[in-house]
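Reader: Before I rely on any of the words used for this model, I would like to see how each one was earned. Could you take me through them, setting the values beside the rules?

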Amino acid sequence: MDIAALIPSPDTIPVHWVWFKVLLIITFMAHILLMNIMLGSAIIAFFSGLKKSPDSSTIPLQKDISEKTTFVIAFTINFGVAPLLFLQVLYGNFFYTSSILMAAYWLSVILLLIIAYYSAYIYKFKFETLAFARIYFIGLTVLLLTVTAFFYTNNMTLMLSPGSWTKYFAEPSGTILNLSDPTLFPRFIHFVTASVAISGLFIAITWQKKKKSGATDADLNIKIGMKYFFYATLFQVLTGAWFIASLPGDIMLLFMGKDGIGTIVFLAGLIAAVVSLIYGFKNRVWPATWSAIVTVFFMVIMRDMVRTAFLKPYFAVEKLKVIHQYSPVIMFMASLFIGIAAIIYMIRCALSARTS
Amino acid sequence: MLNNYLVNYPVWDLGFLGGGTLIAFIAVIHVYVAHFAVGGGLFLVLTEIKGYRENSADILEYTRRHTKFFLLVTMVFGAITGVGIWFTISLLNPAATSILVHNFVFGFATEWVFFLGEIVALFVYFYTFGKMNKKDHLRIGWLYFAFGWLSLFVINGIISFMMTPGKWLSSGNFWDGFFNPSFWPSLFFRTFMAFMLAGLFGFVTSSTVKEKALKNSLEKYCAKWLLIPFLFLLASAWWYVSSLPEPQKLMILKLSPEMPPLVKTFLFLSPLIFIAGVFMAIQMPGYVKKGVTFSLLIMGVLYLGSFEWIREAGRRPYIIYGNIYSNSVSAKDIDFMINNGILKTTRWVSLKKIDETNRIQAGHEIFRLMCISCHSVGGFVNDITAATKKYSQYGMESMLNGMGKINEFMPPFPGTNAEKKALAAYIVKELNSRKEKLSSEYSIIPIEPKIPLFDPSKDKYILLVWSGKGMHFISDNNQFFSISQPGNTIYAQLIKRGKTPEIIAGSLRMTYRIEDGFNTPSSNSNFWQYSRSFYGRRINDNEGFSGKKTTGEMDFNESLMAYSAGDLPVIPYRDDGSFVPFPLVYVEARDSKTGDLLCSTGVSVPASTEMGCRNCHGGNWGRKNITGLSDETSLDILKTHDRINRTDLEMLSGNGNPEMCSNCHAGEQPGTGEKTKHLNLSAAIHGFHANYISANDPDPCRNCHPSSGFTKSYRGIHSKSGLDCSSCHGKMEDHALSLLVSEKNEGKSEAEKLMKHLRPRSADNVKQIEPRKAWINQPDCLNCHVDFKPPETDQSPPNVWTKDKKSLYSSRSDEVGIMCPACHGITHAEYPASNIFGNDRDNFQPVQYQKNAYPIGANKNCKLCHTIDMTEEIHHPNMLAIFRNIY
């Protein structure tokens, strides 16, 4: 069967593709950092809760995570909407197809998220009254979000592998997963590990702020956070090596000398990662955070380059036909401006209400 | 080889969850909660203001509790099901979703900004409740409502666009699509709905307030939210419907069979919800109010659900009106696909060609690609197995032919005939596991007609008798309807033999008698039982419409110079239960003074109940496995008619008052000639069915008329010569179009709907089709038999019809007054005819008088009447010839 014949024809776009690529990268990065915090904090809270420490020293840590998780979930989902939109504009013909091939799993994400989210609310509102039983709720959240991440990884890799799409003819009921793809598991584990790492930083930042406001148990939690960050990032080097080795040879080589920009991006990311490890080891919270964010930025670029390389035999965004309509962009920009202004105002009100 | 594929995406094979079940479920739930979220935003801030104004800490505490409820419902369930809709539409119709995303990306992006603002506002509002100063807190509340309503504003643009894309169809402009014809009424409708739902959900939290006085006052307050917007909601609904373009409006108000229960639900629930709202405002025990609250929650989702379903169904057959069909075929591509086929123009098929070995598999792929979007397999939504259970392979193919032509809620079938056959085979044989029934072996026992002896040397008279029709079907399941009533006419002319033969008129007593076994027709048919329902008066048992029985006397008709007896009650079921569609009528001519028998003969009279409606309308034969309409078939015909035309024929027949089709389909009032509203029966029934059964069937007529099935009413010389119905009557499309053109010219707009997709076969253009009236403008024998000569063509030319009743073959006479059928036999059974009961049953008189089956006097046998040879062609030109069709 001719693979290229299976690839749907793309629709036209209203402005130059660069607009959408930039918006995609920015919003995806916001989403992935939030997702990291959401999943990683839940994992950390769960494992902390598992250890029945007699002095219950990690309770404040867990409590704090319980209070924040529902917010982070809300923003993760919201900031997931934006990159999903721009992804569909640029790569919809691939993404819709892979979604359909795994439709049953893909749609189940909706149910998984609802249950995970409500479970997080129960964990939060009933934190004290549940006592030890609370780990069931945060555990459920962790499980369901991890499964969600797995389904996402399947979709994101399946959309890049039109060669696997012929499985549809034997399985048209939306039950195809991309399990035979060598990049699936390293990619999945790399993202989940990243969640633990980034959450470690988030915890450290949180408790550093609390320390400034006078909390006494902050130091312990800052240390815990940085430890999670350090060891997870160390592990990330291994999972990252696995990930890049699992890529098809010619794509892997793009980052190892064959392509100038690819190699620079990879090296920059590696360097930033090493820098963040050093700061992490030294418990320097904010420097570690900034270098981690820089690392993530280069990794997001790399991820985009991997996508472009996988699709190269079939498709390039530059080939999308443009039928210009600028006025809706203006409307979006205006609403973004007003929206951000309103949000800043509301947060300011909230902060001053807290301190008053 | 095709470079451009027209259908791009794979289809999720959902089986019983197909047909849009998933989107219906997720969308209605989300919309319910989302509208509550929008209205609830205003509810929260106004209730907070109420708390401040009344200086009531209790009301403020209620507001805070309601905010928590609000947060847990809308933030989790509401938000995620919203994403759920997006996931679902991408899975069920990626082509349409891609169109929306690529055209409205910055609309969606703007909506996203508003979502973000909503989330921040709601979090701040809830978590600082009681901790933030009054002014700022209210501002946050107002901001929440503003963002919420603005997100409704945006999505409303896109949803209403799908129903009424307006100028976008030609301009492709974002603003044309967004601010489309139904945008504003839809926005107002949804806004008022949002306020009402805010009140409705308010009952949930107010029902848990412990303090009685506060509870009652809050319930009164919530009731105001539910009731005050109500009138505005209904006014917006009326505005909404009025704003729709004609096709969408018609689909909702008249055409879609899905609509009536939905519209009824919406209208029925309106006063119910109102009353429940009033109920909640008055003093009632707590448990009663809890019950009413719960039922209001259910009614609310049904209310909104029925509206959303009406909206979606009104859009059919499109998902974006006028742009792309529900099955992802673009409107502009459909003609190309019909010509080139589905398999060649879609990407996600494994078969590219259909042959004997892969027909069912091809049908399966076609079904998945083209039908699952609307039809589940055994599920809740438009279950395909339920809808097609009644069809045979032929019936299913016919349905696919006619799809989308009259009932436009479906698109036309976008494929080739071979693909139609494959899809039909898949549905009928695999999905419905239907085994084609082989026709039963009903053995026909030949019947010996009692032909009197004729002695040409002695006998003085020749009696010629013929039936008014050669083919006549009657519908026999009268408790359901009557489309064609029993009643045969016979004619007779008595000729005195001699050098100058004479037609004897007057001083004759011409009597007739149907053969044994057919003389109590009322006991073999329920027509008489229902005759009052058909005619308004009970016809006496065993009598015809004009009072004649199965034996009696014929009347002399001056203008025809012939005897006739009309409306004879002939039923083709003999007393022993056998089916004999050609009973014999024996006629005797006697001198009215002396009573002497001058001559006697017989004629076969056709009456068949072999109507093949079951090919498409399901069920088996009603009788003996070869004839008759069964109850199942009859009921399906009524159900279909009711569904398409919003009649209540099924109910009427159930009450014992079945209808006669020609009562509504009279065409014009008998007597006054005043035009009636509906099409005449022939135009209606041919016009309708031509859309379904004509195109690929070389002999569609046999589906309804007993022409070539078991009865074989089409049995005369033309049949023997290899001509078919269309040789004289034209192809079915033309047959129907000529009738419809006539009706259309008389101002009956109903004709247009049936004509719209009929392509003439004998002309390039329907404008070239001449109008024709049934039973009056018919093919003229002389069209082919120019000057009564052997014809040089096998095809009667189109648009050339007899101009009136008198010019019909069955009404005409030769130059000396002998009517044409007297010598040649009646239409469809012209001498020599062959009858399924054998023994020259139809050639009674030729065999009796001249010992052959040819027309009376054939092969220069003028002696038969003239007693001597003749040389002048007095009866009609070119008559002195040897009968050339010797069989």
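Author: What follows is a set of questions about terms, each answered from the values and the definitions. This is a predicted model, in which local features need pLDDT of at least 70 and side-chain atom pairs count only at pLDDT 80 or more, while totals for chains, interfaces and linings use all residues. Residues are numbered from 1 along each chain as its sequence is written, chains are lettered from A and ligands numbered from 1 in the order in which they are written, and side-chain values use heavy atoms, with hydrogens and water left out.

Reader: What makes chain A as compact as a globular protein of its length?

Author: Chain A has 12 helices and zero strands, where helices (H or I, at least four residues) and strands (E, at least two) are DSSP runs numbered from the N terminus. The radius of gyration of chain A is 22 Å, close to the 21 Å that the globule rule gives for 356 residues, so chain A is as compact as a globular protein of that length. That radius is taken over C-alpha atoms, and the globule rule is 2.2 Å times the number of residues to the power 0.38. Along its principal axes, the C-alpha trace of chain A spans about 65 × 45 × 40 Å.

Reader: What does chain B have as its radius of gyration, and what would a compact globule of 887 residues have?

Author: Chain B has 36 Å, whereas a compact globule of 887 residues would have a radius of gyration near 29 Å. The C-alpha trace of chain B spans about 130 × 65 × 45 Å along its principal axes, and chain B contains 31 helices and 15 strands.

Reader: Why is K548(B) called buried, and why does D555(B) count as partly exposed?

Author: Buried means under 20% relative accessible area, exposed means over 50%, and partly exposed lies in between (1.4 Å probe, protein chains only). K548(B) has a relative accessible area of 17% and is therefore buried, whereas D555(B), with 40%, falls between the two cut-offs and is therefore partly exposed. Over whole chains, buried residues make up 56% of the 356 residues in chain A and 57% of the 887 residues in chain B.

Reader: How do you know that K548(B) forms a salt bridge with D555(B)?

Author: A salt bridge is a side-chain nitrogen of Lys or Arg within 4 Å of a carboxyl oxygen of Asp or Glu. The closest N and O atoms of K548(B) and D555(B) are 3.1 Å apart, so the pair meets the rule. Side chains of opposite charge can pair when their charged atoms come close. By this rule the count comes to 43 salt bridges over all chains.

Reader: Which parts of the chain does the salt bridge between E408(B) and K756(B) link?

Author: E408(B) and K756(B) meet at 2.6 Å, N to O. This pair links distant parts of the chain, 348 residues apart: E408(B) is in the loop between helix 16 (393-402) and helix 17 (417-431) of chain B, and K756(B) is in the loop between helix 27 (750-755) and helix 28 (781-784). E408(B) is partly exposed, at 28% relative accessible area.

Reader: Why does K677(B) count as exposed, and which residues form the positive surface patch with K677(B)?

Author: K677(B) has 66% relative accessibility, which is over 50%, so K677(B) counts as exposed. The positive surface patch is formed by K254(B), K264(B), R646(B), K677(B) and K753(B). Patches are made of residues with over 30% relative accessible area and no salt bridge, with like charges joined within 9 Å and nonpolar side chains (Val, Leu, Ile, Met, Phe, Trp, Tyr) within 5 Å. Lys and Arg count as positive and Asp and Glu as negative, His and the chain ends not being counted, and the place of a charge is taken as NZ of Lys, CZ of Arg, CG of Asp or CD of Glu.

Reader: Which residues make up the nonpolar patch, and where is F179(B) found?

Author: F179(B), W184(B), F188(B), W238(B) and W239(B) form this patch on the surface, with about 580 Å² of accessible area together. Such areas come from the Shrake-Rupley method with a 1.4 Å probe, and for residues only the protein chains shown count as cover. F179(B) is found in the loop between helix 6 (174-178) and helix 7 of chain B, and F179(B) counts as partly exposed at 36% relative accessibility.
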